[in-house]
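Subject: Handing over a structure

Dear colleague,

I am passing a structure on to you, and since you have not worked with it before, I have written down below what was found in it. Please look at the sequence and the structure first, and then read on.

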Amino acid sequence: MKSHRRGLTMLLLALVAGCANEVGPANERVVVNFPDRFSYSINNLDEISDSERFEWENTGTRAEIEILQGISQGGALLSV
């Protein structure tokens with residue numbers, strides 16, 4: 001039986017009003033991007049306004065999103 005491959009585009013966006021700083025080494029960003037497994041972790045988002053785009057392959061019919069910690073100021077957007 002053939003396996004159907006589905007590609008998803010993920011856009012992660014951290015916003016803080018009035019700031020234009022980009023994500024860098026101090027933010028300790030970790031990305032795991034393998035077929036059927038995507039993980040994104042980042043720290044120290046004070047005064048960060050940036051966006052990142054990832055292509056992710058999912059061979060299944062659904063994906064689960066787990067948010068481990070909230071954002072106390074500003075906002076974030078995950079678009080799948």
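A convenient place to begin is D36, which lies in the loop between β2 and β3. Please keep in mind from the outset that this is a predicted model. The phi of D36 is near 70°, which is a positive value in a residue other than glycine, and with a relative accessibility of 41% D36 counts as partly exposed. The hairpin to which this loop belongs, formed by β2 and β3, has 2 residues between its strands. Strand β2 covers residues 30-34 and strand β3 covers residues 37-41, and the two pair in the antiparallel sense over 5 bridges; within this arrangement, F34 stands opposite R37 in β3.

A second residue with a backbone angle of this kind is E28, which is found in the loop between β1 and β2. Although E28 is not a glycine, it has a positive phi of about 50°, and at 45% relative accessibility it counts as partly exposed.

Turning to the protein chain as a whole, its secondary structure comes to 0 helices and 5 strands, so that reading along the sequence gives the pattern β-β-β-β-β. Of the 80 residues in the protein chain, buried residues make up 14%. The chain exposes about 6,500 Å², and carbon and sulfur atoms supply 48% of that area. If one takes the contacts with a separation of 6 or more, residues 24 or more positions apart account for 63% of them.

The aromatic residues deserve a paragraph of their own. The structure holds 3 aromatic pairs, and one of them is formed by Y40 and F54, whose rings are edge-to-face, with 5.7 Å from centre to centre and 65° between the planes. Because Y40 lies in strand β3 and F54 in strand β4, this pair ties together parts that are 14 residues apart in sequence. As for their surroundings, Y40 is partly exposed, with a relative accessible area of 26%, whereas F54 is buried, with a relative accessible area of 12%. Ring pairs also link F38, Y40, F54 and W56 into a cluster.

Strand β4, which covers residues 50-58, also contains N58. At 8% relative accessibility, N58 counts as buried, since the cut-off for a buried residue is under 20%. The side chain of N58 reaches the backbone nitrogen of G60 at 3.1 Å, and it also reaches the backbone oxygen of R62, again at 3.1 Å.

Finally, a word on confidence. The protein chain averages a pLDDT of 74, and 75% of the residues score at least 70. Among the elements of the chain, strand β1, residues 6-15, has the lowest mean pLDDT, at 51, while β2 has the highest, at 90. Over residues 14-18 the pLDDT is below 50, and in the model this stretch has 13 contacts beyond near neighbours in sequence.

With best wishes

Definitions and conventions:
Residues are numbered from 1 along each chain as its sequence is written. Side-chain values use heavy atoms; hydrogens and water are left out. Two strands pair if DSSP finds at least two bridges between them. Helices (H or I, at least four residues) and strands (E, at least two) are DSSP runs, numbered from the N terminus. Buried means under 20% relative accessible area, exposed over 50%, partly exposed in between (1.4 Å probe, protein chains only). Contact means heavy atoms within 4.5 Å. Accessible areas come from the Shrake-Rupley method with a 1.4 Å probe; for residues, only the protein chains shown count as cover. A polar contact is a pair of N or O atoms within 3.5 Å; within protein, one must be able to donate a hydrogen and the other to accept it, and residues adjacent in sequence count only if both atoms are side-chain atoms. pLDDT is the predictor's confidence in each residue, from 0 to 100. Rings of Phe, Tyr and Trp (its six-membered ring) pair if their centres lie within 6.5 Å; planes under 30 degrees apart count as stacked, over 60 as edge-to-face and the rest as tilted.
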